[in-house]
Amino acid sequence: MSSFTLKCMAYMFMIVDHCTIAFEWYSGFRCIGRMAFPIFAYLISEGCRYTKDFEGYILRLLICAFMSEWIYDIVFKDEINLFFDLNILFTFALSVLGIYIFESLRKYDIFKPFGYFVILLFIILAQFFRFDYGFLGVGLILAFYFLKDKKQQILALFIFTILKYSSVIWGVVAKEFNILFLSNFVGYVTTHNIYSVIFSFMSAVFIFFYNGERGFSVKYLFYVLYPLHIFIIYLFVYLK
């Protein structure tokens with residue numbers, strides 16, 4: 001499975017998720033969207049591993065992130081806020097920037113410890129400014145990048161899924177064993193949330209079969225597709 005194929009599948013999952021929110025489709029379709037982020041996170045880590053132009057990579061992500069934010073806010077939040085609850089492209093850009101700074105600093109032994117500080121700082125920033133997927137999102141991208149073995153990467157995805165949906169998992173335990181005090185902390189558990197756990201980890205199947213090949217080369221198509229698909233949703237929902 002090539003990088004191009006993975007990107008197509010991730011975008012398909014994401015578009016289904018966004019359409020479900022915007023058009024108020026059956027909420028179960030959102031479970032399909034849970035597979036999108038892990039695949040994108042993996043592809044971002046692979047992009048960092050092979051890119052020869054970190055600056056250009058970061059710039060493209062930031063341009064698309066800023067282009068998308070206003071329409072993203074209108075469609076999904078009904079207000080424009082350029083400081084908090086930022087779209088997923090900001091999460092990607094922050095992660096790539098963190099890897100770039102880390103790799104630049106690690107070339108010099110005296111500055112190498114600062115690289116780890118930058119990584120920690122960026123993880124905190126992602127959570128503080130409420131980037132999409134927060135510190136877990138940045139953490140998963142970094143884990144995919146620094147872990148070279150495919151099995152270790154899938155283990156990282158498993159840990160991410162457990163942490164991301166821990167309230168759901170503990171909720172199932174509380175309900176199964178009738179642990180009332182635990183139920184007070186985890187909130188309401190729905191079938192949709194349980195399936196979100198399953199589908200999120202199912203993305204490991206696609207990652208496992210990634211063959212390291214690029215496939216069709218459409219360098220800028222996927223950058224344009226993110227803001228474009230949100231804008232099309234906007235046209236259908238708000239200008240109909």
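**Cysteines, overall fold and the surroundings of Ser-200**

Cys-19 is buried, its relative accessible area being 11%. Cys-8, by contrast, is partly exposed, with a relative accessibility of 34%. In this predicted model, zero disulfides are found, a disulfide being defined as a pair of cysteine sulfur atoms within 2.5 Å.

The secondary structure of the chain consists of 12 helices and zero strands. Read along the sequence, the elements follow the pattern α-α-α-α-α-α-α-α-α-α-α-α. Of the 240 residues in the chain, 44% are buried. The surface exposed by the chain amounts to about 13400 Å², and carbon and sulfur atoms supply 69% of that area. When contacts between residues at least 6 apart in sequence are considered, 71% join residues at least 24 apart.

Ser-200 provides an example of a contact between residues distant in sequence: Ser-200 and Arg-34 are separated by 166 residues in sequence, yet their C-alpha atoms lie 4.8 Å apart in space. Ser-200 belongs to helix H11, which spans residues 191-208. The relative accessibility of Ser-200 is 1%; Ser-200 therefore counts as buried, since the term applies to values under 20%. With residues up to four places away in sequence left out, Ser-200 touches Arg-34, Pro-38, Leu-157, Phe-160, Thr-161 and Tyr-165. Arg-34 thus appears both among the residues touched by Ser-200 and as the partner in the C-alpha to C-alpha distance of 4.8 Å.

Notes:
Residues are numbered from 1 along each chain as its sequence is written. This is a predicted model: local features need pLDDT of at least 70, side-chain atom pairs count only at pLDDT 80 or more; totals for chains, interfaces and linings use all residues. Side-chain values use heavy atoms; hydrogens and water are left out. Buried means under 20% relative accessible area, exposed over 50%, partly exposed in between (1.4 Å probe, protein chains only). Helices (H or I, at least four residues) and strands (E, at least two) are DSSP runs, numbered from the N terminus. Contact means heavy atoms within 4.5 Å. Accessible areas come from the Shrake-Rupley method with a 1.4 Å probe; for residues, only the protein chains shown count as cover.
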